[in-house]
Amino acid sequence: MKISELALIAQVSVKTIRYYEQIGLLSPPIRTSNGYRHYQEKDIETLVFIRRCRELNIGLDDIKRLVDTQQDPKSSCALVDNIIAEQLARIQQTQRELALLEQSLAALASCCKSHQIKDCSILQTLKSV
C-alpha cells in the first residue's frame with residue numbers, strides 16, 4: 001500500500017509517517033521501481049501502536065523502546081511494565097499540579113469585586129511579590 005493509504009488506515013498524517021521513518025521509529029519502507037514507498041500490514045500495526053502510545057502521552061523515546069522490545073517475543077515484560085508505571089506516575093503528578101493550579105485560579109477568580117482596573121484585586125495579587 002502507498003503512504004496515503006497507510007495514513008488513512010492508521011489514522012495518522014503522511015507527515016507523521018515520514019517523521020517516524022526519519023527518527024527510526026518506523027522501519028524504512030520497501031521502495032518500488034518508481035520510487036514510491038510500499039508498506040505492509042505490519043506497518044499498520046506498528047503505526048496504530050505508536051498512535052495509541054502517543055494518545056497516552058508516552059514519549060517517543062519510550063515508544064521506541066516499546067517497539068524495539070517487541071522484536072523478541074520471549075523477552076520479559078519488565079521494561080513495558082516500568083514504562084507504563086512511570087507514565088502513570090507522571091500523569092498523577094500532573095494531575096496534582098493541575099489541581100493546585102485550579103485552586104489558585106479559583107481563588108483569583110473570586111477575589112475581585114471591583115469593576116475598575118485601578119481596584120482590580122486579581123491584577124494586584126498577580127503583581128505582588
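This report walks through the core, the salt bridges, the largest pocket and two unusual backbone spots of a predicted model.

**The core**

Let's start on the inside. In general, nonpolar side chains in soluble globular proteins tend to end up buried together. Here, the largest nonpolar core takes in 21 residues, and the ones with the most contacts inside it are Leu6, Ile17, Leu47 and Ile63. Four elements each give two or more residues to this core: helix 1 (3-10), helix 2 (14-22), helix 3 (41-55) and helix 4 (60-69). Helix 3 gives the most, with five residues.

Leucine 6 is a good place to zoom in. Setting aside its neighbours within four places in sequence, leucine 6 is in contact with Met1, Ile17, Tyr39, Asp43, Ile44 and Leu47. Two of the names on that list, Ile17 and Leu47, also appear among the core residues with the most contacts. Asp43, another contact of leucine 6, turns up again in the next section.

**Salt bridges**

Side chains of opposite charge can pair when their charged atoms come close. The model has six salt bridges in total, and the table shows some of them.

| Basic residue | Acidic residue | Closest N to O distance |
|---|---|---|
| Arginine 37 | Glutamate 21 | 3.0 Å |
| Lysine 42 | Aspartate 43 | 4.0 Å |
| Arginine 65 | Aspartate 62 | 2.9 Å |

The pair of arginine 37 and glutamate 21 links distant parts of the chain: arginine 37 sits in strand 2 (residues 37-38) and glutamate 21 in helix 2, 16 residues apart. Is glutamate 21 buried or exposed? Its relative accessibility is 14%, so glutamate 21 counts as buried, the cut-off being under 20%.

Next comes lysine 42 with aspartate 43, where the closest N and O atoms are 4.0 Å apart. The two partners have these accessibilities: lysine 42 is partly exposed, with a relative accessible area of 49%, whereas aspartate 43 counts as buried at 6%.

Arginine 65 and aspartate 62 both belong to helix 4; they are three residues apart, so about one helical turn separates them. Arginine 65 is partly exposed at 38% relative accessible area, while aspartate 62 counts as buried at 11%. This pair also has company: salt bridges that share partners join Asp62, Arg65 and Arg90 into one network.

**The largest pocket**

How much space lies in the largest pocket? About 280 Å³. Its lining is made up of 14 residues, with Ser27, Lys42, Thr46, Val67 and Gln71 lying nearest the centre. So Lys42 has two roles in this report, as a pocket-lining residue and as the salt-bridge partner of aspartate 43.

Helix 3 and helix 4 each supply at least two residues of the lining. Helix 3 gives the most here, with five residues, and helix 3 is also the top contributor to the largest nonpolar core. By type, the lining residues divide into four nonpolar, five polar and five charged.

**Two backbone spots**

Finally, have a look at the loops. Glutamine 11 has a phi near 60°, a positive value in a residue other than glycine. Glutamine 11 is placed in the loop between helix 1 and helix 2, and it is exposed, with a relative accessible area of 58%.

Asparagine 57 also has a positive phi, near 65°, and again this is a residue other than glycine. Its place is the loop between helix 3 and helix 4.

Definitions and conventions:
Residues numbered from 1 in each chain as written. Predicted model: local features only at pLDDT ≥ 70, side-chain atom pairs only at ≥ 80, totals over all residues. Heavy atoms only, no water. Core = buried A, V, L, I, M, F, W, Y, C linked by side-chain atoms within 4.5 Å. Buried < 20%, exposed > 50% of the residue type's maximum accessible area, 1.4 Å probe, protein only. Contact = heavy atoms within 4.5 Å. Salt bridge = Lys/Arg side-chain N within 4 Å of Asp/Glu carboxyl O. 1 Å grid on protein atoms, 1.4 Å probe; cavity = no way out; pocket = protein on both sides within 12 Å on 5 of 7 lines; lining within 4 Å. Points joined across faces, edges and corners; volume = space filled by probe spheres on them. Nonpolar A, V, L, I, M, F, W, Y, C, P; charged D, E, K, R; others polar.
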